[in-house]
Amino acid sequence: MNTETRIAKIISHLLHPLLIPTYGFALIFFTHNYISTFTPPNSKIAILVVTFFFTFVLPTLNAIILLKMGRIRSLEMESTRERTLPYLSTAMYVFALLYLFYTRNFPMVFVLMIAGAGLSILLTFFINFKWKISAHSIGIGGLLGGVMGISLRLAIDFKTVMLLLVFCAGLIGFARLQLKAHSPAQVYTGFLLGFLVEFLLMIFVKF
């Protein structure tokens with residue numbers, strides 16, 4: 001394994017789509033903006049912990065169980081067939097988190113970000129029957145779209161965060177192509193899909 005491939009694997013793990021929702025809320029909470037200012041510290045911790053549990057811990061445990069059962073050959077799930085059940089179960093966990101956020105009257109910014117994540121995963125589930133779109137690109141594209149939508153809708157300066165996310169999107173694109181996990185079209189389409197879903201929700205849904 002050459003150096004570029006090792007770096008690509010590290011990037012793919014660190015910027016895994018299951019971690020993106022937690023990263024997104026962390027970026028909002030730990031940068032200077034009025035959402036962070038007016039969100040109580042206890043609420044920040046609760047949001048991060050619950051989001052991490054529903055969007056990373058539960059889907060990861062589900063994937064490990066499928067691996068032990070022989071339903072998938074590896075946690076990378078290289079074929080479209082292997083990804084079907086994990087996508088469906090992950091969508092269920094994300095929509096369960098959405099229901100929790102909504103019923104607990106969490107700020108609509110957070111509700112819409114999770115709604116966008118759930119919708120993106122559901123669309124990926126259906127696309128996966130015909131085409132292996134990049135979930136990594138969908139994740140980072142969605143986060144950028146959500147942050148940009150928040151910035152425009154609420155007049156919050158997220159320029160630094162958006163530049164960081166564009167850089168991360170470039171890293172993910174490099175990693176997925178270097179590992180030959182996706183074609184350029186699958187990477188670019190995934191990014192565009194994730195971006196549009198989150199951006200349009202933030203711009204057009206009333207809150």
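This passage describes the pockets and the salt bridge of a predicted model. Residues are numbered from 1 along each chain as its sequence is written. Local features need pLDDT of at least 70 and side-chain atom pairs count only at pLDDT 80 or more, whereas totals for chains, interfaces and linings use all residues, and side-chain values use heavy atoms, with hydrogens and water left out.

The largest pocket (an open set of points on a 1 Å grid over the protein atoms alone, where a 1.4 Å probe fits, with protein on both sides within 12 Å along at least five of seven lines) has a volume of about 1,100 Å³. Its lining (residues with an atom within 4 Å of a point) counts 46 residues, with H16, P17, L18, A135 and H136 closest to the centre. Two or more lining residues come from each of α1 (3-14), α2 (20-29), α4 (41-68), α5 (80-103), α6 (108-127), α7 (135-154) and α9 (184-204). Of these helices (DSSP runs of H or I, at least four residues, numbered from the N terminus), α6 gives the most, seven residues.

Next comes the second largest pocket, at about 170 Å³. Among its 13 lining residues, I35, F38, T39, F106 and P107 lie nearest the centre. Here α3 (34-37) and α4 each give two or more residues, and the largest share, three residues, belongs to α4.

A single salt bridge (a side-chain nitrogen of Lys or Arg within 4 Å of a carboxyl oxygen of Asp or Glu) is found in the whole structure. It joins D157 to K159, with the closest N and O atoms 3.7 Å apart.

Technical notes. Grid points are joined across faces, edges and corners, and a volume is the space filled by probe spheres set on the points.
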